[in-house]
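Trainee: Got a minute? I'd like to go through this one with you.
Mentor: Sure, put it on the screen.

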Amino acid sequence: MTLKESTLKPETANTRHHVKAGDYFFGIIPAGSTLRIVDLEGNQAADVLFYNAKNPEERYSAMDTIRSQAQVYLSAGTQLRSNFNNPMLDIVADTCGRHDTLGGACATESNTVRYSLEKRCMHACRDSWMLAVAEHPEFGIDKRDITHNINFFMNVPVTADGGLTFADGISAPGKYVELKAHMDILVLVSNCPQLNNPCNGYNPTPIELLVWEH
Ligand SMILES: [Zn+2]
């Protein structure tokens, strides 16, 4: 776990987006810019997919990222790599220290398995991504492009026998992670609506996205 603070000031950011609990963000950040994701109230999970904005067939790859850093958790110093094994973004600052890329995003189907059958009607990150894709055809993404993702601020420890546990979140109000883009990046965020998961503190809350363009 590597904690590192940023020197960037929020008031100098070029753009700021408030993303409500259960809402999505879908947009492009240019190469060289810095994206900060802020856990405004603490214990929130931001489920994020990254694509090469010029060629969305190139996208974030958990396997390539884990292999190249020989570490399953993401934190400051992690380089996010693509399925073409190119650097996409570097995590340049992180005040939380634990981000998951193994657990995947919540879906109505997985919620019925993990919680109970009557939870199927509740909102899920996969639905938020599908809505984002349907509402923004201009980005050229469809449902087959929804692949493995990063769960920022989510605490998913690997057990001694290789299983995954969904543990209490370790984030807190105002904690953030900051990423510097190596290429024009299309960012798709589902601010997780799931209130049955301890990672969300059973209470989904808003996040903020800040972008500094250099
Ligand atoms: Zn979710």
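Mentor: We'll take the metal site, the salt bridges, the cores and a surface patch in turn. Keep in mind that this is a predicted model.

Trainee: Metal first. Which residues coordinate the zinc ion?
Mentor: Three cysteines, through their SG atoms: Cys 106, Cys 125 and Cys 192. The distances run from 2.1 to 2.3 Å.

Trainee: How are the donor residues spaced in sequence?
Mentor: The pattern is C-x18-C-x66-C. Cys 125 and Cys 192 link distant parts of the chain, 67 residues apart. Cys 125 sits in helix H3, residues 125-135. Cys 192 is in the loop between strand S9 (185-191) and strand S10 (207-212).

Trainee: And Cys 125, buried or exposed?
Mentor: Buried, at 0% relative accessible area. Cys 192 is buried too, at 6%.

Trainee: Switching to charges. How many salt bridges does the structure hold?
Mentor: Six. One of them pairs Arg 59 with Asp 145, with the closest N and O atoms 2.8 Å apart.

Trainee: Why does that pair tie together separate parts?
Mentor: Because Arg 59 is in the loop between strand S4 (46-52) and helix H1 (62-69), while Asp 145 is in the loop between H3 and S7. That puts the partners 86 residues apart in sequence. Both Arg 59 and Asp 145 are buried.

Trainee: What does Arg 67 pair with?
Mentor: Asp 64, at 2.9 Å between the closest N and O atoms. These two are three residues apart in helix H1, so about one helical turn separates them.

Trainee: Why would that spacing suit a pair?
Mentor: An α-helix has 3.6 residues a turn, so residues three or four places apart point the same way. The burial differs, though: Arg 67 is exposed at 54%, whereas Asp 64 is buried at 12%.

Trainee: What else is buried in H1?
Mentor: Ala 62, Thr 65 and Ile 66 are buried there, along with Asp 64. Strand S5 (79-81) is part of what covers the buried residues of H1. Just after the helix, Ala 70 takes a positive phi of about 50 degrees.

Trainee: Which salt bridge does Asp 142 make?
Mentor: Asp 142 meets Arg 144, at 3.9 Å from N to O. Asp 142 is partly exposed at 35%, and Arg 144 is exposed at 68%.

Trainee: Now the inside. Which residues touch the most other members of the largest nonpolar core?
Mentor: Ile 37, Phe 50 and Phe 152, in a core of 29 residues. Eight strands each give two or more residues to this core: S2 (24-29), S3 (34-39), S4, S6 (87-94), S7, S8, S9 and S10.

Trainee: What is Phe 152 in contact with, leaving aside neighbours within four places in sequence?
Mentor: Its contacts include Ile 37, Phe 50, Ile 91, Val 177 and Leu 179. Gln 44 and His 99 are among them as well.

Trainee: What lies apart from that core?
Mentor: Another core, of twelve residues. Leu 49, Val 133, Ile 141 and Leu 186 are among them.

Trainee: Last one. Which residues form the nonpolar patch on the surface?
Mentor: Leu 102, Val 158 and Leu 164, with about 210 Å² of accessible area together. Val 158 lies in the loop between strand S7 (150-152) and strand S8 (175-181). At 35% relative accessibility, Val 158 is partly exposed.

Key
Residues are numbered from 1 along each chain as its sequence is written. This is a predicted model: local features need pLDDT of at least 70, side-chain atom pairs count only at pLDDT 80 or more; totals for chains, interfaces and linings use all residues. Side-chain values use heavy atoms; hydrogens and water are left out. Patches are made of residues with over 30% relative accessible area and no salt bridge: like charges are joined within 9 Å, nonpolar side chains (Val, Leu, Ile, Met, Phe, Trp, Tyr) within 5 Å. Accessible areas come from the Shrake-Rupley method with a 1.4 Å probe; for residues, only the protein chains shown count as cover. A salt bridge is a side-chain nitrogen of Lys or Arg within 4 Å of a carboxyl oxygen of Asp or Glu. Helices (H or I, at least four residues) and strands (E, at least two) are DSSP runs, numbered from the N terminus. Buried means under 20% relative accessible area, exposed over 50%, partly exposed in between (1.4 Å probe, protein chains only). Donors are N, O and S atoms within 2.8 Å of the metal (3.2 Å for Na, K and Ca); water is not among the atoms, so sites may look incomplete. A nonpolar core is a set of buried Ala, Val, Leu, Ile, Met, Phe, Trp, Tyr and Cys residues joined through side-chain atoms within 4.5 Å. Contact means heavy atoms within 4.5 Å.
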